[in-house]
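I opened this entry to keep track of what I looked up. The order is the overall fold, then a few single residues.

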Amino acid sequence: MGNKQKGFTLIELIVVMAIVALLASIAAPRYFNSLQKSRETAMRSSLNTMREALDQFAADKGRYPDSLEELASARYIREIPADPLANDSREAWVLIGPPTDAQIKGEVYDVRSGAAGRSADGRLYADW
């Protein structure tokens, strides 16, 4: 009887590895794009929540808060959300004061992201 060994040849292994590499090269960009889109969605949601809380604070107290910490301590938000596009930092938010001609005073009229770069639609994150 022959002394045949069972196994895969080098060519078969190379073909399989090439197929796996091809599939990974197709899937990886889609995965990273979806990750970026989810971060953008989370940031948009955090901005909307904080802006609504700022408006509610101003309507209730007759002034804007002096900081995001004041907004959280007054329980208009549970906690200051992390900016998902600025290394998940809670301190990365850019606080915008009210216009000089505003009737209501305070320090935090609006909030923007401190993240650098552009979104998938080409707008700067700082302009959201």
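I read the order of elements along the sequence as α-α-β-β. That makes 2 helices and 2 strands in the protein. The model is a predicted one, and I read every value below with that in mind.

**Entry 1: overall dimensions.** I looked up the radius of gyration and found 25 Å, where a compact globule of 128 residues would have one near 14 Å. I then checked the extent of the C-alpha trace, which spans about 95 × 30 × 20 Å along the principal axes of the protein.

**Entry 2: burial, surface and contacts.** What share of the 128 residues is buried? I noted 28%. The accessible surface comes to about 9200 Å², and carbon and sulfur atoms account for 55% of it. For sequence separation I took contacts between residues at least 6 apart; 47% of these join residues at least 24 apart.

**Entry 3: charges.** I counted 16 positive and 17 negative side chains in the protein. The centres of the two sets lie 10 Å apart.

**Entry 4: serine 113.** I located serine 113 in the segment after β2, the strand of residues 110-112. Is serine 113 buried or exposed? Its relative accessible area is 2%, and buried means under 20%, so serine 113 is buried. I next looked at what its side chain reaches. The side chain of serine 113 makes a polar contact with the side chain of aspartate 83 at 2.6 Å. The serine 113 side chain also reaches the backbone nitrogen of alanine 115, at 3.0 Å. Leaving aside neighbours within four places in sequence, I listed the residues in contact with serine 113 as Met43, Leu47, Asp83, Ala92, Trp93, Val94, Tyr125 and Ala126. Asp83 is thus both on this list and the side-chain partner in the 2.6 Å polar contact.

**Entry 5: serine 46.** I found serine 46 in helix α1. With a relative accessibility of 14%, serine 46 counts as buried, because the cut-off is under 20%. Not counting residues up to four places away in sequence, serine 46 touches Pro81, Ala82 and Trp93. I noted that Trp93 also appears among the contacts of serine 113.

**Entry 6: aspartate 60.** Aspartate 60 is in helix α1, which covers residues 10-61. I read a relative accessibility of 56%, and exposed means over 50%, so aspartate 60 counts as exposed. Which side chain does the side chain of aspartate 60 make a polar contact with? I found tyrosine 76, at 2.7 Å.

**Entry 7: positive phi.** I searched for residues other than glycine with a positive phi and wrote down two entries, arginine 75 and aspartate 88. I kept them since most residues other than glycine have a negative phi.

- Arginine 75 has a phi of about 70°. I placed arginine 75 in the loop between α2 (68-73) and β1 (94-96). Arginine 75 is exposed, with a relative accessible area of 59%.
- Aspartate 88 has a phi of about 55°. I found aspartate 88 in the loop between α2 and β1. Aspartate 88 counts as exposed, at 54% relative accessibility.

Definitions and conventions
Residues are numbered from 1 along each chain as its sequence is written. This is a predicted model: local features need pLDDT of at least 70, side-chain atom pairs count only at pLDDT 80 or more; totals for chains, interfaces and linings use all residues. Side-chain values use heavy atoms; hydrogens and water are left out. Helices (H or I, at least four residues) and strands (E, at least two) are DSSP runs, numbered from the N terminus. Buried means under 20% relative accessible area, exposed over 50%, partly exposed in between (1.4 Å probe, protein chains only). A polar contact is a pair of N or O atoms within 3.5 Å; within protein, one must be able to donate a hydrogen and the other to accept it, and residues adjacent in sequence count only if both atoms are side-chain atoms. Contact means heavy atoms within 4.5 Å. The radius of gyration is taken over C-alpha atoms; the globule rule is 2.2 Å times the number of residues to the power 0.38. Accessible areas come from the Shrake-Rupley method with a 1.4 Å probe; for residues, only the protein chains shown count as cover. Lys and Arg count as positive and Asp and Glu as negative; His and the chain ends are not counted. The place of a charge is taken as NZ of Lys, CZ of Arg, CG of Asp or CD of Glu.
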